[in-house]
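Work through the exercises below with the structure open beside you. Try each task before you read its solution.

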Amino acid sequence: KVYYMKDTSGSVDWDLAVASGTTRSTSMLVMGTRDANKTTMLIEGVIRADSNISGSSVGDIVYLSDTEGGGITTTAPASSGDVVRILGYVLSPTYGVIYFSPDKTWVEIA
């Protein structure tokens, strides 16, 4: 799952990221485990994603999902208010392996 860093009353916390809106998609993003403690986080590197990307091809761009919290997709978000931000690239569609490297830039769809 993809998490974003949020400020909770002066302390840092992690929550599931989603492309629908800037609050949950434009700050620091990491891939994390599904455990409740969120203790294992990946800032950049190769990881097997939880989301289904089996219909994609090697080299396809990976985006943050606009419907599934923490999910990824190879289809760019397209609704008004969605944020398009490249998260990485598909390495193995069959096994859901991606190179996770969130771009520092993003575009909000008007």
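Three exercises on this predicted model follow.

**Exercise 1. In which order do the strands of the five-stranded open sheet lie, and which strands are at its edges?**

Step 1. Read across the sheet: the order is β5-β10-β9-β6-β7. The pairing is antiparallel.

Step 2. Look for strands that pair on one side only. These edge strands are β5 (45-48) and β7 (72-73).

Step 3. Check one pair. β5 and β10 (residues 97-100) are antiparallel and share four bridges. Within this pair, Arg48 has Val97 of β10 as its bridge partner.

**Exercise 2. Why do β2 and β4 each have one side without a neighbour in the four-stranded sheet?**

Step 1. Write down the order of this open, antiparallel sheet: β2-β1-β3-β4.

Step 2. Find the ends. β2 (11-16) and β4 (41-42) stand at the edges with a single partner strand each, so one side of each lacks a neighbour in the sheet.

Step 3. Now move inward. β1 (residues 2-8) and β3 (residues 29-32) run antiparallel and are joined by three bridges. Tyr4 has Leu29 in β3 as its bridge partner.

**Exercise 3. Which residues have the most contacts inside the largest nonpolar core?**

Step 1. Take the core as a whole: it has 15 residues.

Step 2. Pick out those with the most contacts inside it. They are Val2, Ile72, Leu87 and Ile98.

Step 3. Ask which strands contribute. At least two core residues come from each of β1, β3, β6 (61-64), β9 (86-92) and β10.

Step 4. Follow Leu87. Beyond its neighbours within four places in sequence, Leu87 contacts residues including Val2, Leu29, Val62, Ile72 and Phe100.

Conventions:
Residues numbered from 1 in each chain as written. Predicted model: local features only at pLDDT ≥ 70, side-chain atom pairs only at ≥ 80, totals over all residues. Heavy atoms only, no water. Pairing = 2+ DSSP bridges. Core = buried A, V, L, I, M, F, W, Y, C linked by side-chain atoms within 4.5 Å. Buried < 20%, exposed > 50% of the residue type's maximum accessible area, 1.4 Å probe, protein only. Contact = heavy atoms within 4.5 Å.
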